[in-house]
Amino acid sequence: MKTHTTIDSPVGALTLVATGGVLCGLYMTDQRHRPAQESFGVEDPSCFDEATAQLGEYFAGRRTTFDLPLELIGTPFQRTVWRALLDIPYGRTVSYGELAAVLGRPSAARAVGLANGKNPVGVIVPCHRVVGSTGDLTGYGGGLARKRQLLDFERGAQADHLLF
């Protein structure tokens, strides 16, 4: 059974979706590839306490990785890309081509980009950390302004941590 809740964040409202109590979606307002609201199931914030707490710690600059069970629903290739996103360090970026090479598919940068764009668990699965080959911000389901905001936040929070 699917459930969902909506929480506030510095990048706007985030809708968290779970199947059987396991997080399977984190969607931003006006996100490209956002499923229809009615597909999120009943509203029930009770199974999102840990996800909400970890997101709060992340946005407060006190968490750089997430420790949540995830149900990543997609094709085998998409799931491979999404799992690889989890290995991109906080505050860092990689290009689509670099990510494709890491996956052993150096000519699949475009396919990696398409899979990246359909990531169902934004922020937690950090698709915002993937950029164009020249370092330019390209494509982001939540919009380029949000991508820049998340990257600037991580770089700033990382710099703040280096001061102490």
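**View A. Helix 2 against helix 4 in the predicted model.** Helix 2 and helix 4 pack at an angle of about 80°. Their axes lie 9 Å apart. Angles from 65 to 115 degrees count as roughly perpendicular, so helix 2 is roughly perpendicular to helix 4. Helix 2 brings Phe77, Gln78, Val81, Trp82 and Leu85 to the contact. Helix 4 brings Ala111, Val112, Ala115 and Asn116. By type, the residues of this contact are seven nonpolar, two polar and no charged.

**View B. The buried residues of helix 4.** Helix 4 covers residues 109-117. Val112, Ala115, Asn116 and Gly117 are buried here. Which elements do the buried residues of helix 4 pack against? They pack against helix 2 (76-85), helix 3 (96-102) and strand 6 (130-131). Val112, Ala115 and Asn116 also belong to the contact with helix 2.

**View C. The largest nonpolar core, centred on Leu55 and Val123 in this close-up.** This core holds 36 residues. Which of them touch the most other members? They are Leu55 and Val123. Several elements give two or more residues to the core: strand 2 (14-19), strand 3, helix 1 (49-59), helix 2, helix 3 and helix 4. Beyond its neighbours within four places in sequence, Leu55 is in contact with Ile7, Leu16, Leu26, Phe66, Val123 and Ile124. The two residues named for the core therefore touch each other, since Val123 is on the contact list of Leu55, and Val123 is buried at 1% relative accessibility.

**View D. Two residues with positive phi, Asp30 and Val123.** Neither title residue is glycine: phi is near 60° in Asp30 and near 70° in Val123. Asp30 sits in the loop between strand 3 (22-28) and strand 4 (42-43). Val123 sits in the loop between helix 4 and strand 6. Is Asp30 buried or exposed? Asp30 has a relative accessible area of 72%, and the cut-off for exposed is over 50%, so Asp30 is exposed. Val123 is at 1% relative accessibility. Buried means under 20%, so Val123 counts as buried.

**View E. Arg129, a buried residue in a loop.** Arg129 lies between helix 4 and strand 6. Its relative accessibility is 4%, so Arg129 counts as buried. What does Arg129 contact, leaving aside neighbours within four places in sequence? One run of partners is Ile88, Pro89, Tyr90, Gly91, Arg92, Thr93 and Val94. Thr64, Leu151 and Glu154 are also in contact with Arg129.

**View F. Leu70 in the loop between helix 1 and helix 2.** At 25% relative accessibility, Leu70 counts as partly exposed. Leu70 touches Val22, Leu23, Val121, Ile124 and Val125, not counting residues up to four places away in sequence. Ile124 is also a contact of Leu55. Gly142 is 72 residues from Leu70 along the chain. The C-alpha atoms of Leu70 and Gly142 are separated by 20 Å.

**View G. Confidence along the chain, and the stretch 159-164.** The mean pLDDT of the chain is 90. Of its residues, 95% reach 70 or more. Where does pLDDT stay under 50? It does so over residues 159-164. For this stretch the model has one contact beyond four places in sequence. Where pLDDT is low, the predicted coordinates should not be read in detail.

Terms used: Residues numbered from 1 in each chain as written. Predicted model: local features only at pLDDT ≥ 70, side-chain atom pairs only at ≥ 80, totals over all residues. Heavy atoms only, no water. pLDDT = per-residue confidence, 0-100. Contact = heavy atoms within 4.5 Å. Buried < 20%, exposed > 50% of the residue type's maximum accessible area, 1.4 Å probe, protein only. Helix = DSSP H or I, 4+ residues; strand = E, 2+ residues; numbered from the N terminus. Core = buried A, V, L, I, M, F, W, Y, C linked by side-chain atoms within 4.5 Å. Axes fitted to C-alpha atoms, helices over the stretch in contact; angles between N-to-C directions. Parallel < 35°, antiparallel > 145°, perpendicular 65-115°, else oblique. Nonpolar A, V, L, I, M, F, W, Y, C, P; charged D, E, K, R; others polar.
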